[in-house]
Amino acid sequence: MMFSFLKKSYKWLGLAIITVILAITPAVIAQSTTSAIPLAKINWLQAIFLGFVQGVTEFLPISSTAHLKAIPVFLGWGDPGVTYTAVIQLGSIAAVLSYFWQDLRQISTGMVKAVASSDYRSQDFRLAVGIILGTIPIIFFGLLMKLFIPDLDNSPLRSMTAIACASIVMSLLLGTSEKIGKHKRSFETLRQKDGVLMGLAQALALIPGVSRSGSTLTAGLFMGLERAVAARFSFLLGIPAITLAGLVEFKGVLDQINTSELIPLGIGVISSALFSYLSIAWLLDYLKKQSTWVFVWYRLFFGVAILIGVALGRFS
């Protein structure tokens, strides 16, 4: 019923989002802190809400990282930090694995059969190789970032200015891809080359505010894919990347936190899983019939709203 309502109301969705952004801009400007929230200080209501933000924004092309920092700061809570952000992605991982389980089984078994029969032109083999090759860039550059920017929480890359600029730039790129993309290629036309190109775009998501789904969806549209096909392949390609990121951060968290701090993490993960599943289902249905312009305008106004606050010196 919820999906039906959203489908019928899409014409008003963009206007509503922009109106909300413009309405909260003065409040965003009024905030004066971006300090991190200690895990133990996150209560269960905040954890549910942060899971909601993660779930809704992880798979929509609007950047979960940007929203998980900007919205809590706007509410006066502070920045949840890189660790909390990465760990509650485990909920998004569970959701995308559940939603695409049949696809993953088919691709995996199809790849094994293709190798056994030396049928390297099979669709499943091409998809599997494309996903594998497309995951390499984000792993490579992610390791480099860990090496050269060990304290990402306090890095200029995670500043409000950087997030705002990334949001604006990506809105312009998404708008360009929407305008000039042919939107004709079906899922059956995907090749290994598409996985590599989309994987390079996915690596841009290491920059906070870029959006993994946003960069890969944009790349898919530039490659001429149908909107829903670009989104579907983006989700499949993102499974190894977000799984690795979540598990790596989770291992680090287990070595540092006490039992009381596991509670807000667990609640956030469950909330994230629920809303991630709903957002995946809604976006795939939406893009079968509609364009991405609502996300273009949303990201543009979101970035501008943050820059206003930065320009007036209200973010520290």
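This report describes three helix pairs, one cavity and one pocket in a predicted model.

## Helices α7 and α8

Two packed helices are described by the angle between their axes and the distance between those axes. Helix α7 covers residues 101-117 and helix α8 covers residues 123-148; their axes lie 7 Å apart and form an angle of about 110°. Angles of 65 to 115 degrees count as roughly perpendicular, and α7 and α8 are therefore roughly perpendicular to each other.

On the α7 side, the contact is made by Q106, I107, G110, M111, A114 and V115. These residues meet D124, F125, L127, A128, V129, I131 and I132 of α8. Sorted by class, the contact of α7 with α8 holds 10 nonpolar, two polar and one charged residues.

## Helices α9 and α11

Helix α9, formed by residues 160-180, packs against α11 with the axes 8 Å apart and at an angle of about 25°. Because angles under 35 degrees count as roughly parallel, α9 is described as roughly parallel to α11. The two helices, α9 and α11, cross in a left-handed sense.

From α9, the residues in contact are M170, L173, L174, T176, S177, E178 and I180. Their partners in α11 are G214, S215, T218, L221 and F222. The contact of α9 with α11 comprises six nonpolar, five polar and one charged residues.

## Helices α4 and α14

Helix α4 (residues 64-74) and helix α14 (residues 293-311) have axes that come within 12 Å and cross at roughly 40°. The relation between α4 and α14 is therefore oblique, and their crossing is left-handed.

In this pair, A66, H67 and A70 of α4 meet Y298, F302 and I306 of α14. The contact of α4 with α14 consists of five nonpolar residues and one polar residue, with no charged residues.

## The cavity

The count of cavities of 30 Å³ or more comes to one. The largest cavity holds about 30 Å³ of space. Its lining is formed by F59, P61, S213, L217, A231, S234, F235 and L283.

Two elements, α11 (212-222) and α12 (227-254), each give two or more residues to the lining of the largest cavity. The most comes from α12, which gives three residues. By class, the lining of the largest cavity has six nonpolar and two polar residues, and no charged ones.

## The largest pocket

The largest pocket contains about 1,000 Å³ of space. It is lined by 37 residues, of which V82, L152, L206, A245 and E249 are the closest to its centre.

Several helices take part in the lining of the largest pocket: α3 (44-59), α4, α5 (81-87), α8, α11 and α12 each supply at least two residues. The residues of this lining fall into 19 nonpolar, 11 polar and seven charged.

## Elements that recur

Some helices appear in more than one of these settings. Helix α11 packs against α9, gives two or more residues to the lining of the largest cavity, and supplies at least two residues to the lining of the largest pocket. Helix α12 likewise contributes to the lining of the largest cavity and to that of the largest pocket.

Helix α8, which packs with α7, also supplies at least two residues of the lining of the largest pocket. Helix α4, whose axis crosses that of α14, supplies at least two residues of the pocket lining as well.

Methods. Residues numbered from 1 in each chain as written. Predicted model: local features only at pLDDT ≥ 70, side-chain atom pairs only at ≥ 80, totals over all residues. Heavy atoms only, no water. Axes fitted to C-alpha atoms, helices over the stretch in contact; angles between N-to-C directions. Helix = DSSP H or I, 4+ residues; strand = E, 2+ residues; numbered from the N terminus. Parallel < 35°, antiparallel > 145°, perpendicular 65-115°, else oblique. Left-handed = near helix turned anticlockwise from the far one by under 90°. Contact = heavy atoms within 4.5 Å. Nonpolar A, V, L, I, M, F, W, Y, C, P; charged D, E, K, R; others polar. 1 Å grid on protein atoms, 1.4 Å probe; cavity = no way out; pocket = protein on both sides within 12 Å on 5 of 7 lines; lining within 4 Å. Points joined across faces, edges and corners; volume = space filled by probe spheres on them.
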